[in-house]
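Please look through the structure shown here, following its charged pairs, its nonpolar interior and a few individual positions in turn.

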Amino acid sequence: MKISRLPLSLSTISIALCAQFAVANQDKSLESIVVIGKSSSVSSSNLAGSFDYMGREEISYQHIDDLKELFTKVPGVYLSRFNQGIVNTILSIRGFAGDGASPHAKLLIDGIPANMHAGYGELDQLFPIAIDHIEMFRATSDPRYGLFNIAGNYQVKSRSDSSADLELTLGSFNTREIQGYFGQEGDTLSHSYSLGYRKNEGYRDHTDITKKAISGRWDWQLNSDSTLGAIARYSRYEGSAPGYLSEQEARDNPTMSADYASQDGGIKENHHISLHYDTAINNQVDWAIKVYSQNFQRNRWVRFSAHSDIQNRFDDQDMLGAISTLTWQIDPNWALLWGVDLQNEEIIEQRFGTVGQTRERDDQVVKRNRQFSYDTKGSYLQLQHQPNDKLNWNVALRVDDLSGDYSEFAADGTRSDREMYDFGLVFQPKLNVIYALTDNTAVFFNTGRSFQHPTGKAAFTSGDINAREMTHNDGAEIGSQWSVDAVELRASYWVQKAKNEFVLIDGEQKNVGETTRNGIDLAGNWQVSNAFTVWANYSYIDTEIVTPSDTANVTKGNQLRSIPDFTASLGASFDATEKLVLRVHLDAQGDYYVNEENAGKKYGDYTLLNASADYHLDWATIKLQLNNLTDEYYEYVYDFGGVDSNGVYQTDTVHSPGDGRNASLSLSMSF
């Protein structure tokens, strides 16, 4: 295993990476955490492994089209930047690809799932000013979630503090943005509101976007033991899409839009409402329940090449759900957690042809017209034990069950139905262990099973409902954290294995076979002085197709597609004066093949240099953000290739260049 490709470059921010071993409310619990930014209270629910926390000061100064760009600061995360209007960016971790291969991470906002049916996380319903912090856990040992929790989960928590903030931004590509937040904490009622508006013309031609979001949060202190909260959000994102280019076109003129893509683009909207009830039943038992209703809707016009016709792709997804967690603190050393979650999805998935190459749907050209329900039920029991100040362990068993109905309609209205495969109950054992060797050193271990479930039509059949099994993912991680004087370090080795793994190719599933993933994660921080911090992280990733599916024997021993062999960050922050804060950071990742056949060239590597400066006035803060200072070329690449008549795989790549050099200037005021 090679880990020598740590670049001399990567990401910096005004942060302090703090490896902490005991944080939760001054109790005796041990936790393995890396904090990006400063926090006075962090809780990882006794998870052992690569748990990362990013505070508001590292979030608030960012001005970006897609909020997933915030995760470039988190170790081991890599992004697929499609840059195609409302289909913009996907997050990836732990050797999984982001371009539809295997949706593999659960996204939650205030504890409520925010994944669409196929697994893609929808984060554009917020602006940075509305976020309090972000938590991320990479491993298979978290029992709280089943669906999409294959390699880990992302938690986004909204603000509820007392403050009144307004921020105005102008930037490259004719960017205009306004963000606002108001919150007030009271003895009985606390309430907060946020809004955001962003509009720009984009780096490439035909990439105009308009993004709007508004949210409200209300928390009532019913009595000394109980609280009731309500959250409502609405967002709308409209964007034109520049299409994909040939490799030569992308290199010669990265700002151009494909000629055929003049009608590409679309609109997406999100509606969300949820209730959150927490109560202490007695001194030992706490109960929390969340119920939610939300809708994800996308209306997209897309044409992938000059040889294809424009399509209208429409998705309407209604979700209803409930999440209950009961915590019994048996005594100071033992605790038992019982969780239950239910979710119903009602989905319309349509693809129609158009009249000519225009944004007018042709109802007689039906490519897909599907309506289906997808119900998930899950429950877990977790036993926690901390016998002394050195050892903390927990063991859990999670069980999930899937059901649903499916109908498909032809252009003449003919209906055909399918039944969901009988996957049975999906059992997932989990284990987390943390042991403090000394006051400054802790070791941790986790192991667990997660599952990859089929989505859409692939989850249903018109034949034998017992013909398909669930895909299991078994993982483990071992590591250590050290804290010596002003230096904090974390290192771990992880592995995940799966049988009958599948990838999604334009919404259709393809069996890859038996796979294995492994890697090394390193993270560290050096607090040189009160004013100067240096930090770095590095993740090595290796993937392999161990046993291919019957139809793809040529891929044995190959790497999985679209997964960089490393990600890394290196940076520094400096408080130049009491009023001036300077940041500089470099982000880098390695290259990868864009097909399981490992044919053709590798793509995807880059090194991006970014910087920022905040100057604090008596009445406001002026913020300057500079991105891709060296104007580095980077791109997203997808392969539409296939096997020719001679049985040889031929690549057919399309390319979407990333943003060139750009800047923004903001004025931030607090009242």
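In this predicted model, aspartate 161 and arginine 159 are both buried, and their side chains meet in a salt bridge with an N to O distance of 3.0 Å. Another pair is formed by aspartate 66 and lysine 68, whose side chains meet in a salt bridge at 3.7 Å, N to O. Aspartate 66 counts as buried because its relative accessible area is 3%, and lysine 68 is likewise buried, with a relative accessible area of 6%.

The salt bridge between the side chains of aspartate 401 and lysine 377 has an N to O distance of 3.6 Å, and it links distant parts of the chain, since aspartate 401 lies in strand S20 (residues 391-409) and lysine 377 in strand S19 (residues 361-385), 24 residues apart. Here aspartate 401 is partly exposed, with a relative accessible area of 23%, and lysine 377 also counts as partly exposed, at 38% relative accessibility. A search of the whole structure finds 38 salt bridges, and a network of such bridges links Asp52, Arg94, Arg138, Glu477, Arg490 and Asp521.

Turning to the nonpolar interior, the largest nonpolar core has 26 residues, and those with the most contacts inside it are Leu70, Phe71, Val77, Ile131, Ile134, Tyr154 and Val156. Strand S6 (105-109), strand S8 (131-138) and strand S9 (152-158) are the elements that give two or more residues to this core. Leaving out residues up to four places away in sequence, leucine 70 touches Met54, Ile59, Gln62, Ile64, Ile131 and Ile134. A second, separate core of 16 residues includes Phe82, Ala250, Ala258 and Val654.

On the surface, Trp482, Val484, Val487, Leu489, Trp526 and Val528 make a nonpolar patch of about 500 Å², to which strand S25 (471-484) and strand S26 (487-505) are the elements that give two or more residues. Valine 484, one of the patch residues, has its place in strand S25.

Two further positions can be read individually. Histidine 276, in strand S15 (residues 265-280), counts as buried because its relative accessibility is 11%, under the 20% limit. The side chain of histidine 276 makes a polar contact of 2.8 Å with the side chain of serine 274, and, beyond neighbours within four places in sequence, histidine 276 is in contact with residues including Asp110, Thr227, Gly229 and Lys290. Serine 305, by contrast, sits in the loop between strand S16 (285-302) and strand S17 (311-328), and at 25% relative accessibility it counts as partly exposed.

Technical notes:
Residues are numbered from 1 along each chain as its sequence is written. This is a predicted model: local features need pLDDT of at least 70, side-chain atom pairs count only at pLDDT 80 or more; totals for chains, interfaces and linings use all residues. Side-chain values use heavy atoms; hydrogens and water are left out. Helices (H or I, at least four residues) and strands (E, at least two) are DSSP runs, numbered from the N terminus. Buried means under 20% relative accessible area, exposed over 50%, partly exposed in between (1.4 Å probe, protein chains only). A polar contact is a pair of N or O atoms within 3.5 Å; within protein, one must be able to donate a hydrogen and the other to accept it, and residues adjacent in sequence count only if both atoms are side-chain atoms. Contact means heavy atoms within 4.5 Å. Patches are made of residues with over 30% relative accessible area and no salt bridge: like charges are joined within 9 Å, nonpolar side chains (Val, Leu, Ile, Met, Phe, Trp, Tyr) within 5 Å. Accessible areas come from the Shrake-Rupley method with a 1.4 Å probe; for residues, only the protein chains shown count as cover. A salt bridge is a side-chain nitrogen of Lys or Arg within 4 Å of a carboxyl oxygen of Asp or Glu. A nonpolar core is a set of buried Ala, Val, Leu, Ile, Met, Phe, Trp, Tyr and Cys residues joined through side-chain atoms within 4.5 Å.
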